[in-house]
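Here are a few exercises to work through with the structure open beside you. Try each task before reading its solution.

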Amino acid sequence: MEQSAPPPYRRIVEEIRRRIDAGELAPGDRVPSTRRITREWGVAMATATKVLTTLRQEGVVQAVPGVGTVVSAPQAGPPDQPQTRARKPARDAPAPERTQREPDGGGLNRHRIVSAAVKVADAEGLRGLSMRRVAAEFGMSSMALYRHVANKDELVLLMADAAFADVTLPVPAPDGWRERMEAGARLQWELYQRHPWLAQYLSLTRPQPMPRAMALVEWTMARVEGMDPVTLIHMALTLLGFVLSTAAGLEDDLEAEQETGMDQDQWMAAMDPVFEGILTSGSYPMYAGIAGIDDDKVNLGTLFDFGLERLLDGMEVLVERRAGGAATVRTP
């Protein structure tokens, strides 16, 4: 009888084990997070969660507070114990890519450094980013980076600018002012989902000189008519502030995963008994009303959709009042 193919989560488990056994991931190294697994293998979050849960149950990895999920150290013991595993000799394995050294200046340039830094920040957050961490991606010392980037502050600014360069404006652009503002807000939201660290880096009170980001905001507001410059900039920054504050939760969740070794689904599962006791007390009828509903009913995405619509509803009142009862449109 022909054997069926292993389920997707199992194939990913075996691939991560292979990397560990080959020496590509050593004891103490962080393994791919659930977010990274979903991107690398194109699977759902539930599958990625099952991968890490299986690896923990088999004793291959462990959650370390303040670090994340890392490769467990080999332990001696009877072979039938799940937490005991034998490591294959890594003598003949190729040297891990992260330790291969380039000759000094061998092809290293600002573009490659920024790309590597974005990759690190996407996976580990800005708190995990350092010149040394980025240099490790090339197997070099951090001094090699300083030939191309002055310091970490300049590097993060270049990273943010590079991220906004990836935004593709829709063609044709929406004609109505509300449709244009919504499209601009959603372009930002999608960008922050790809780069969770970006929303927390940007500031309304201490803005950085970022022409590409400014161009996106300019495009977003280009169809609003009849506003004085001060009102128009207030509208633009209010919209920007809403998107940034909502998207800040993306980085918060990533940092929490690094701290606890648990992704959002695992953390919520661990908290379920506590919340159940609170919700069944009868003291919180609003919260009790959503007990047991699917996670896709209330999350950052639904909060963004709801808040954006209500914010634009309020903007519509202002635009129509200024236009004498009818929103007008201009061509930029």
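**Exercise 1. Count the helices and strands in the chain, and find what share of its residues is buried.**

Solution. Start with the secondary structure: this predicted model has 13 helices and two strands. Next, take burial, for which the cut-off is under 20% relative accessible area. Of the 332 residues in the chain, 37% are buried. Finally, turn to the outside: about 18,600 Å² is exposed, with 56% of it supplied by carbon and sulfur atoms.

**Exercise 2. Work out which residues have the most contacts inside the largest nonpolar core, and which helices supply it.**

Solution. A general point helps to begin with: in soluble globular proteins, nonpolar side chains tend to be buried together. Here the largest nonpolar core has 60 residues, and Val 134, Leu 155, Met 159, Phe 164, Met 181, Tyr 192 and Leu 198 have the most contacts inside it. Now look for the suppliers: helices H4, H5, H6, H7, H8, H9, H10 and H13 each give at least two residues to this core. H10 provides the largest share, with nine residues. A second core, separate from this one, holds 16 residues, including Val 13, Leu 52, Leu 55 and Val 71.

To zoom in, pick Leu 155 and set aside its neighbours within four places in sequence; its contacts are then Ile 113, Val 114, Ala 117, Met 131, Val 134 and Val 149.

**Exercise 3. Find the aromatic pairs and explain what they tie together.**

Solution. There are two aromatic pairs to find. In one of them, the ring centres of Trp 189 and Phe 304 are 4.5 Å apart and the planes meet at 5°, so this pair is stacked. Because Trp 189 sits in helix H7 and Phe 304 in helix H13, the pair ties together parts 115 residues apart in sequence.

Phe 304 also pairs with Phe 242, again stacked, at 5.8 Å centre to centre and 15° between the planes. Phe 242 belongs to helix H10 and Phe 304 to helix H13, so parts 62 residues apart in sequence are tied together.

Now check burial. Phe 304 has a relative accessible area of 0% and is buried; Phe 242, at 17%, counts as buried too. Trp 189 is likewise buried. Put together, ring pairs link Trp 189, Phe 242 and Phe 304 into a cluster.

**Exercise 4. Locate the nonpolar surface patch of about 620 Å² and name the helices behind it.**

Solution. First list the residues: Val 274, Phe 275, Ile 278, Tyr 284, Met 286 and Tyr 287 make the patch. Then assign them: helices H11 and H12 each give two or more residues. H11 contributes the largest share, three residues, and Val 274 is found in that helix.

Technical notes:
Residues numbered from 1 in each chain as written. Predicted model: local features only at pLDDT ≥ 70, side-chain atom pairs only at ≥ 80, totals over all residues. Heavy atoms only, no water. Core = buried A, V, L, I, M, F, W, Y, C linked by side-chain atoms within 4.5 Å. Buried < 20%, exposed > 50% of the residue type's maximum accessible area, 1.4 Å probe, protein only. Helix = DSSP H or I, 4+ residues; strand = E, 2+ residues; numbered from the N terminus. Contact = heavy atoms within 4.5 Å. Patch = residues over 30% accessible without salt bridge, like charges linked within 9 Å, V, L, I, M, F, W, Y side chains within 5 Å. Areas by Shrake-Rupley, 256 points an atom, 1.4 Å probe, with all protein chains shown as cover. Salt bridge = Lys/Arg side-chain N within 4 Å of Asp/Glu carboxyl O. Phe/Tyr/Trp six-rings, centres within 6.5 Å; stacked < 30°, edge-to-face > 60°.
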